[in-house]
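Good morning, colleagues. Thank you for joining; I should like to take you through the helix packing and then the enclosed spaces of one structure.

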Amino acid sequence: MSKTALITGATSGIGRATAFEFAKHGINLILCGRRQERLESVEKALSKLTDVHTLNFDVRDNIATLNAISNVPDAFKQIDILINNAGNAHGLDPIQTGSIDDWDAMMDINVKGLLYVSKAVIPQMTNRKSGHIINIGSSAGKEVYPKGNVYCGSKHAVLAITEGMRIDLNPFGIKVTAINPGLVETEFSKVRFKNDPIADTVYKGYKALQPEDIAEAIYFAVSRPPHVNIADILMFCTAQANSTIVNKTGN
């Protein structure tokens, strides 16, 4: 019997790449996102490979999240794998001039959204004593960098919550994994810099990680034998040494 994975933030970047990677391996998909047209596009592309159901909601809305997930069709009711991927960065400002709206957006999506989705899925996993939760963190959850303040705080929270999940869900045999990428070439910088042209320079001069690189690591984690849990992965591109050192003299 094929497993079913629920992926948040499935319309672009790491979430979309993970959907394609999972589909190649016959994993059924519940794809979640805020952009209906993109959801339909991904569903159309992947429905030839596996069974796909889409959910259009905002993870910041607890009621909408619970309603959407609780009302999936019977064929998708058993969620074996949860990929908490939805997240964002808004602004790159020192704490003293940071925007409260930006702070709210990051905490609401990166932290509270992850909790809302997890709350909707975990009870069925504990009931049957099986499941795998993968939270997409960041190297920013392991190392604070200048002007990263609240974004780094939100990703540190993701790591702490992940470790707490692993402890609390241990008696139920549920695997919990953190995947922590460094620089990945996605729409991330366009969102962070609010479509300012500076976003186009972030990935110049070196080869950043690609969404597919992260998707392959996620599939590696979920495809391990039952007794193996990949607890934590930190991924950089070769050009990146840490959050502030990137060799931009290459290709």
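**Helix packing, cavities and a pocket**

The crossing of helix 1 and helix 2 is right-handed. Please bear in mind throughout that this is a predicted model. In this pair, helix 1 covers residues 13-24 and helix 2 covers residues 36-46, and the two pack with axes 10 Å apart at an angle of about 20 degrees. Since angles under 35 degrees count as roughly parallel, helix 1 is therefore roughly parallel to helix 2. On the helix 1 side the contact is made by R16, A19, F20 and A23, and on the helix 2 side by V42, A45 and L46. By class, this contact has six nonpolar residues, one charged residue and no polar residues.

Let me stay with helix 1 and turn to its other partner in this talk, helix 7. Helix 7 spans residues 211-222, and its axis comes within 8 Å of that of helix 1, with a crossing of roughly 55 degrees. That angle makes helix 1 oblique to helix 7. The crossing of these two helices is right-handed. Helix 1 contributes G13, I14, A17, T18, E21 and F22 to the contact, while helix 7 contributes P211, E212, I214, A215, E216, I218, Y219 and V222. Divided by class, the contact of helix 1 with helix 7 holds nine nonpolar, two polar and three charged residues.

The next pair is helix 4 and helix 5. How do their axes cross, and at roughly how many degrees? The axes of helix 4 and helix 5 come within 8 Å and cross at roughly 15 degrees. Helix 4 is therefore roughly parallel to helix 5. Here, too, the handedness can be stated: the crossing of helix 4 and helix 5 is right-handed. From helix 4, the residues in contact are W103, M106, M107, N110, V111, L114, L115, S118 and I122; they meet N149, V150, Y151, S154, K155, A157, V158, I161 and M165 of helix 5. This contact divides into 13 nonpolar, four polar and one charged residues.

I now move to the enclosed spaces. How many cavities of 30 Å³ or more does the count give? The count comes to three. The largest cavity holds about 80 Å³ of space. It is lined by 14 residues, of which H90, D93, W103, M106 and N149 are the closest to its centre. Two elements give two or more residues to this lining, namely helix 4 (100-128) and helix 5 (149-168). Of the contributors, helix 4 gives the most, with three residues. This brings us back to the helix pair just described: W103 and M106 of helix 4, and N149 of helix 5, take part in the contact between those helices. The lining of the largest cavity comprises five nonpolar, six polar and three charged residues.

Which residues line the second largest cavity? They are T8, V59, N84, N85, A86, I109, G113, L114 and V117. The space in this second largest cavity is about 40 Å³. Helix 4 again appears, giving four residues, the largest share of the lining. L114, one of the lining residues, is also among the helix 4 residues that meet helix 5. By class, the lining of the second largest cavity has five nonpolar residues, four polar residues and no charged residues.

Finally, I come to an open space, the second largest pocket. About 230 Å³ of space lies in this pocket. Its lining has 13 residues, and the closest to its centre are K3, S130, G131, H132 and K175. How is the lining of the second largest pocket divided among nonpolar, polar and charged residues? There are four nonpolar, four polar and five charged residues.

That concludes the presentation, and I would welcome your questions.

Notes:
Residues numbered from 1 in each chain as written. Predicted model: local features only at pLDDT ≥ 70, side-chain atom pairs only at ≥ 80, totals over all residues. Heavy atoms only, no water. 1 Å grid on protein atoms, 1.4 Å probe; cavity = no way out; pocket = protein on both sides within 12 Å on 5 of 7 lines; lining within 4 Å. Points joined across faces, edges and corners; volume = space filled by probe spheres on them. Nonpolar A, V, L, I, M, F, W, Y, C, P; charged D, E, K, R; others polar. Axes fitted to C-alpha atoms, helices over the stretch in contact; angles between N-to-C directions. Parallel < 35°, antiparallel > 145°, perpendicular 65-115°, else oblique. Left-handed = near helix turned anticlockwise from the far one by under 90°. Contact = heavy atoms within 4.5 Å.
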